[in-house]
Every structure is written in C-alpha cells, then in structure tokens.
Amino acid sequence: LGDGTTTDSYTPVAVSLPVGRTAKVVATGGGHTCAILDNDSAMCWGENNFGQVGNGTTGSFQTLPNYVAIPIGRSATALALGGSHSCAILDDGSAMCWGINTYGQLGDGTTTNSNTPVTVNLPAGRTATALALGGSHSCAILDDGSVHCWGYNYVGQLGDGTTTDSNTPVTVNLPAGRTATALALGSSHSCAILDDGSAMCWGINTYGQLGDGTTTNSNTPVTVNLPAGRTAT
C-alpha cells in the first residue's frame, strides 16, 4: 500500500510519495505497485523478492516508494506490471523491464532476473506505444500497430502459433491488414482491440476467457463473439 507499514487496510490510505510530487499513472502487479510521477520519474513499492521494485535491491519488501533506476536522461511514459515483473515505455519509445525473468518475461534475450531495468529487444527501428503484462508474459503494441509478446507461452499466450517460451518479443499473428489499438493481459491469456473495433484473444481458454464460444486454448488470436453490430473501445 506504500504507506510505510505492513498493516492491511480496508479503506484507502495515502501512499507516501516524495514531498511535492504527485502521481499521474499507477499500475499494480501480483504484490507490488508502481507509479509515474508528475516529473516523469517512476517509483515502485511492495513485494521485491525478484527485484520487481527496480531500485537495485532484491529480497526485502519495500513499504515505501523507491525510485526505479531508469537510465539517466530518460523518463517513463507508460507502466505495466505482471505477477512479479514490471515494464515501462520510456520517452524515446524504448521499453524496459525488471523483476523475475524465469520465462524470459523481461524480453532482453536472457532468463536472468534483474533488479534494475533492462532493455526489451524490440524489432530494429520499432518503438512501443502500449504495454500490458500478464502473470509471466508481456506484450506491447508497436508504432506500426503490430503486437509483440514475450515470456511464458505454455498455453499459447504469446499468440505466435507456438507454445514455446520466448525471451525476446515474437510477433502475434493478427489477421492480415489488421492492427491493434489496445491491449490487456490476464494471468495466461491476452486480448487486443483491433483497428476495426473487433476484439481478439489468445492463450488459455479453460473457462471461456477467449470469448469465442469454446473452451479450447488457442496459440493464435481468435475473434471474440461481440454482440452483432457492436465494436469494442
């Protein structure tokens, strides 16, 4: 909760942000929270057993906000948190992640945990415009409207037609000619809104979370059965 205690609260408590600072973006993960402040710095707090707070420490939980070790001269424009990892888009369109990396969910080409941000290996010449994180996977919309995902893929949540984990971004198999405008991830599935207002999902489907009328997992995007004539925003 970021108030300097470990006392649960069933009513809102104030996060202890630095004096004079305000928050403009907030994101929550499995047991940690991060915010972008009004000066475009990023701070995180909470569980830190894999370095997901991003301040260069690992192990002890952080009851107060800590500055994320973003490279000098860079600032954060977007944030997304997963089960035990965190990612940000920086002002130059690059993406950086930190925390657990068992399945390659940091996207830096390794499976080594990192308690400071590492650069995601986006395709050459491409930048990120949106981010979403799941339990152990990560996805981004790039500046060309394509979607790339990385990390855990045991039920096809990367959407590339395989069930092979990837420690670098792989291209999601969107329909030809379509681009993505929004993205959201669950524990082991992923969804996107496309430029025609349709919605597509991929990954685990045990409970019908792909919305395609089946309970069959899919390692490529399937169309959500929205009501006739309706689009998603």
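## Strand β3 and its partners

G46 stands opposite Q62, a residue of strand β4. That's a good place to start looking around this predicted model. Strand β4 covers residues 62-67, and three bridges join it to β3, with the two strands running antiparallel.

Now look at the other pairing of β3. Strand β2 (residues 32-37) is joined to β3 by five bridges, and this pair is antiparallel too. Here you can spot C34 opposite C44 of β3. The hairpin of β2 and β3 has four residues between the strands, and D40 in that hairpin takes a positive phi near 70°.

## Inside or outside?

How many of the five residues of β3 are buried? Five of the five are, so the strand (residues 42-46) is largely enclosed by the rest of the structure. In a regular strand, side chains alternate between the two faces of the sheet. For β3, A42, C44 and G46 lie on one side, while M43 and W45 lie on the other. Both faces are covered, since every one of these residues is buried.

## A four-stranded sheet

Next, find the open sheet of four strands. Going across, the order is β5-β6-β7-β8, and the pairing is antiparallel. Which strands stand at the edges? They are β5 (76-81) and β8 (114-119); each has a single partner strand, so one side of each has no neighbour in the sheet. From one strand to the next, the twist averages 20°.

Let's zoom in on one pair from this sheet. Strand β6 (residues 85-90) and strand β7 (residues 95-99) run antiparallel and are joined by five bridges. In this pair, H85 stands opposite G99 of β7.

## The β9 and β10 hairpin

Further along the chain, strand β9 takes in residues 128-133 and strand β10 takes in residues 137-142. They pair in the antiparallel sense over five bridges, and a hairpin of three residues joins β9 to β10. If you want a landmark, find A132, which stands opposite C139 in β10.

## The largest nonpolar core

Strand β10 turns up again here, as one of the elements giving two or more residues to the largest nonpolar core. That core has 16 residues, and V147, C149, A180, L183 and W202 touch the most other members. Besides β10, the elements that give two or more residues are β11 (147-151), β13 (180-185), β14 (189-194) and β15 (199-203). Which element gives the most? That's β13, with three residues.

As general background, nonpolar side chains tend to be buried together in soluble globular proteins.

Definitions and conventions. Residues numbered from 1 in each chain as written. Predicted model: local features only at pLDDT ≥ 70, side-chain atom pairs only at ≥ 80, totals over all residues. Heavy atoms only, no water. Pairing = 2+ DSSP bridges. Axes fitted to C-alpha atoms, helices over the stretch in contact; angles between N-to-C directions. Core = buried A, V, L, I, M, F, W, Y, C linked by side-chain atoms within 4.5 Å. Buried < 20%, exposed > 50% of the residue type's maximum accessible area, 1.4 Å probe, protein only.
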